[in-house]
Amino acid sequence: MTVALRTYGIFYNGYIKGAISYSRAAVHLNTLFDSLEEKYIYHLARFWVSDDLPKNTESKTLALSLRFIQKNGAKACVSYADEGQGHIGTIYQACGFLYTGISQKRSFQIGDKIIHGKTLYNICGTSGIKKLRERGLSVSIIKNAPKHRYIKIFDPSIKLLIPVLPYPKKLFK
């Protein structure tokens with residue numbers, strides 16, 4: 001389960017019309033940076049804006065929320081654009097995030113349940129197939145759609161240990 005560190009609502013004419021939520025980044029993400037502790041890396045976990053809001057609401061909301069998390073101690077923010085949903089991260093490109101490539105995640109099927117790798121690790125202490133099978137679990141791997149990884153660094157002294165790549169472009173509208 002992901003625990004939100006910061007969540008902000010978008011209110012328009014007295015109604016909630018969107019929300020953005022940040023959580024702690026996955027443990028392994030600190031390896032992407034030169035000497036950055038996990039507690040300073042935020043993950044943009046959820047972001048929704050109603051389609052009936054004015055143009056550019058998404059980028060304005062993202063930019064404002066990034067300023068808020070930076071004031072609350074974040075030194076970097078990681079987010080993903082889900083190619084399986086037709087996203088390439090246009091909003092992250094517009095807000096100056098660095099593009100670091102495709103992240104291929106996997107889920108696991110145990111019986112009739114599909115479990116995300118991080119959730120499985122939190123429950124079992126491992127997501128290693130061999131170890132899970134040694135425990136008597138019937139486990140199979142399910143590859144998820146690739147996701148584009150974007151990183152925003154707030155502290156200029158922090159260095160990325162992976163290359164920054166050109167932004168991906170949409171082939172079709």
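The secondary structure of the protein chain comes to four helices and nine strands, where helices (H or I, at least four residues) and strands (E, at least two) are DSSP runs numbered from the N terminus. What you have open is a predicted model, in which local features need pLDDT of at least 70 and side-chain atom pairs count only at pLDDT 80 or more, while totals for chains, interfaces and linings use all residues. Residues are numbered from 1 along each chain as its sequence is written, and side-chain values use heavy atoms, with hydrogens and water left out.

**The whole chain**

Begin with the C-alpha trace, which spans about 55 × 40 × 35 Å along its principal axes. Following the chain from the N terminus, you meet the elements in the order β-β-β-α-β-α-β-β-β-α-α-β-β. Of the 173 residues, 37% are buried, a word that stands for under 20% relative accessible area, with exposed for over 50% and partly exposed in between (1.4 Å probe, protein chains only).

**The sheet S7-S6-S8**

Next select residues 106-110, which are strand S6, together with strand S7 (113-116) and strand S8 (139-143). These form an open sheet of three strands in the order S7-S6-S8, with antiparallel pairing; two strands count as paired if DSSP finds at least two bridges between them. S7 and S8 are the edge strands, each pairing on one side only. On average, neighbouring strands of this sheet are turned by 35° against each other, direction ignored.

S6 pairs with S7 over four bridges and with S8 over five bridges. Click on Phe108, which stands opposite Ile115 in S7 and has Ile141 as its bridge partner in S8. Ser107, for its part, has His116 in S7 as its bridge partner. Between S6 and S7, which form a hairpin, there are two residues, and Gly111 in the turn has a positive phi of about 65°.

Now add helix H3 (residues 117-124), which packs on the sheet and touches S6 and S7, its direction making about 90° with that of S7. Contact here means heavy atoms within 4.5 Å, and axes are lines fitted to C-alpha atoms, for helices over the stretch in contact, with angles running from 0 to 180 degrees between N-to-C directions.

**Thr61 in helix H1**

Move to helix H1, residues 57-71, and select Thr61, which is found there. Is this residue buried or exposed? Thr61 counts as buried because its relative accessibility is 14%. Leaving aside residues up to four places away in sequence, Thr61 touches Ile10, Ile20 and Phe47.

**Two loop residues with positive phi**

Most residues other than glycine have a negative phi. Select Asn56, in the loop between S3 and helix H1, where phi is positive at about 70° although the residue is not a glycine; Asn56 is partly exposed, with a relative accessible area of 42%. Then go to Ser35, in the loop between strand S2 (15-24) and strand S3 (41-49), where phi is near 55° and thus also positive in a residue other than glycine. Ser35 is exposed, with a relative accessible area of 69%.

**A stop on the surface**

Finish with Phe11, which lies in strand S1 (residues 4-12) and is exposed, with a relative accessible area of 60%. Adding Ile16 and Trp48 to the selection shows the other members of a nonpolar surface patch of about 370 Å².

Methods
Patch = residues over 30% accessible without salt bridge, like charges linked within 9 Å, V, L, I, M, F, W, Y side chains within 5 Å. Areas by Shrake-Rupley, 256 points an atom, 1.4 Å probe, with all protein chains shown as cover. Salt bridge = Lys/Arg side-chain N within 4 Å of Asp/Glu carboxyl O.
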